[in-house]
Amino acid sequence: MKWIYDFVGNYGVAIILFTLVTKLIIFPVYYKQQKNMAHTQLVQPKLAKLREKYKNNPEKLSMEQMKLYQEENINPYASCLPMILSLILLYGVLGVVYEPMTHILRYDNATVTQATQVAAELNESINPERSDLRIQLILMEEVLKDPDAFAAKMQTVNAEFVPEVVEFAETFNILGVDLNLTPHFSDITKNFPLFLIPVLSGLIQLAMTIYMQIHQKKRNPDMPSMGAMNLMLYIMPVFSVWLAFTVPAGVGFYWICSSVFSFIQSIGLNAWFNEKRVAKIGEAERKKAQNAKRRPSMMQMMLEQQEEMMRQQQGGGARPAASNRVSYSDGEEIKLSRAEREEFNTAVIRDARKRMAEKYGEKED
């Protein structure tokens, strides 16, 4: 962000370019996620048959679904990484917006602490001893109120502090909207452009959610409704609006930029992964799974371990205990303490792992 800001000299423009650059850097991850999603939609008919066949046996259904994913070379957890990366970027943007003196102007903690004490001398409402996430934004406001008074007190500490902060504060905006300010509902009449930032961030996310739902339904008319999950998809944009009213406008503006670029990216990738191309991808992935090395994947070993434990349940062996009573298939039942139950479950799982290790000629750890 500092490199981009030094190049363009405007904080709002820097946020736009920063968002674009980071989207381009992690585009391969999003491409792989979209490819995986398109491939998953291709096998929805098979998944629907499994759901119907094992509707009364959730454990078996889960196992058969994982088997299908393995045969199709689909990673059901592929969507996690983009989400984690987005959260990391958001956390970084929060830090940069809340602490521009540290991350953009590169002042050390000693200078910021001294400036806070000066601000407290000029404004009694500021408590330098109290931790405040917005303290650097408050400092900018105090410097702009009376630059000369602030400069006189900071002269012995850092003579360049006030001129640099004033110059930076003039660029801390986009189209005249001060990104240092935290939007409020009252701004609908006082400062409408500032009020618009949280609203736009939510509307764009909502539009993207609706678009994705329509696209998925069009590709897979028989796809089951996700119920509460779908409801959450519509609640999150509303929640983000409320959240944007609690943080500086710079964070909300970043959400707008991120949502716009993500929307454009989704439209482009959905157009790229058309039915014909997805069919070819599915065929290629199946061949890749068939031609893979014989050493089992972690997913395969987990599936076989689960199958082994189910065989133990059906064939007279003990099964993991969900309560303090352990039942055997021959009807015998014993009562265990909590510690004994945990030890018993560990032994059952260890036995299944041992069988898997013996099967693949590996040493059981």
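**Close-up views of aromatic pairs and helix contacts**

The structure, which is a predicted model, contains 15 aromatic pairs. A pair of aromatic rings is described by the distance of the centres and the angle of the planes.

**View 1. Phenylalanine 150 and phenylalanine 161 form a stacked pair.** The centres of the two rings are 6.3 Å apart and the planes stand at 20°, under the 30 degrees that bounds stacking, so the pair counts as stacked. Because phenylalanine 150 belongs to helix α10 (residues 147-154) and phenylalanine 161 to helix α11 (residues 161-171), the pair ties together parts that are 11 residues apart in sequence. Phenylalanine 150 is buried, its relative accessible area being 0%, and phenylalanine 161 likewise counts as buried at 0% relative accessibility.

**View 2. Phenylalanine 185 and phenylalanine 245 form a stacked pair.** Here the ring centres lie 4.2 Å apart and the planes are at 20°, so this pair is stacked. It links distant parts of the chain, 60 residues apart, with phenylalanine 185 in the loop between β2 (177-178) and α12 (187-190) and phenylalanine 245 in the loop between α14 (228-244) and α15 (249-272). Phenylalanine 185 counts as exposed, with a relative accessibility of 52%, whereas phenylalanine 245, at 9%, counts as buried.

**View 3. Four aromatic residues are joined into a cluster.** The residues Tyr5, Tyr11, Phe168 and Phe172 are linked to one another through ring pairs.

**View 4. Helices α9 and α11 pack roughly perpendicular to each other.** The axes of helix α9 (residues 135-145) and α11 are 10 Å apart and make an angle of about 105°; this angle falls within the range of 65 to 115 degrees, and the two helices are therefore described as roughly perpendicular. From α9, the residues Met140, Val143 and Leu144 meet Phe161, Val162, Val165, Val166, Phe168 and Ala169 of α11. Sorted by character, the residues of this contact comprise 9 nonpolar, no polar and no charged.

**View 5. Arginine 277 is placed over the ring of tryptophan 272.** The charged end of the arginine 277 side chain sits 3.6 Å from the centre of the tryptophan 272 ring.

**View 6. Serine 258 lies in helix α15.** With a relative accessibility of 16%, under the 20% that bounds the buried class, serine 258 counts as buried. When its neighbours within four places in sequence are left aside, serine 258 is in contact with Thr19 and Lys23.

Conventions
Residues are numbered from 1 along each chain as its sequence is written. This is a predicted model: local features need pLDDT of at least 70, side-chain atom pairs count only at pLDDT 80 or more; totals for chains, interfaces and linings use all residues. Side-chain values use heavy atoms; hydrogens and water are left out. Rings of Phe, Tyr and Trp (its six-membered ring) pair if their centres lie within 6.5 Å; planes under 30 degrees apart count as stacked, over 60 as edge-to-face and the rest as tilted. Helices (H or I, at least four residues) and strands (E, at least two) are DSSP runs, numbered from the N terminus. Buried means under 20% relative accessible area, exposed over 50%, partly exposed in between (1.4 Å probe, protein chains only). A charge sits over a ring if NZ of Lys or CZ of Arg is within 6 Å of the ring centre and within 35 degrees of the ring normal. Axes are lines fitted to C-alpha atoms, for helices over the stretch in contact, and angles run from 0 to 180 degrees between N-to-C directions. Angles under 35 degrees count as roughly parallel, over 145 as roughly antiparallel, 65 to 115 as roughly perpendicular and the rest as oblique. Contact means heavy atoms within 4.5 Å. Ala, Val, Leu, Ile, Met, Phe, Trp, Tyr, Cys and Pro count as nonpolar, Asp, Glu, Lys and Arg as charged, and the others, Gly among them, as polar.
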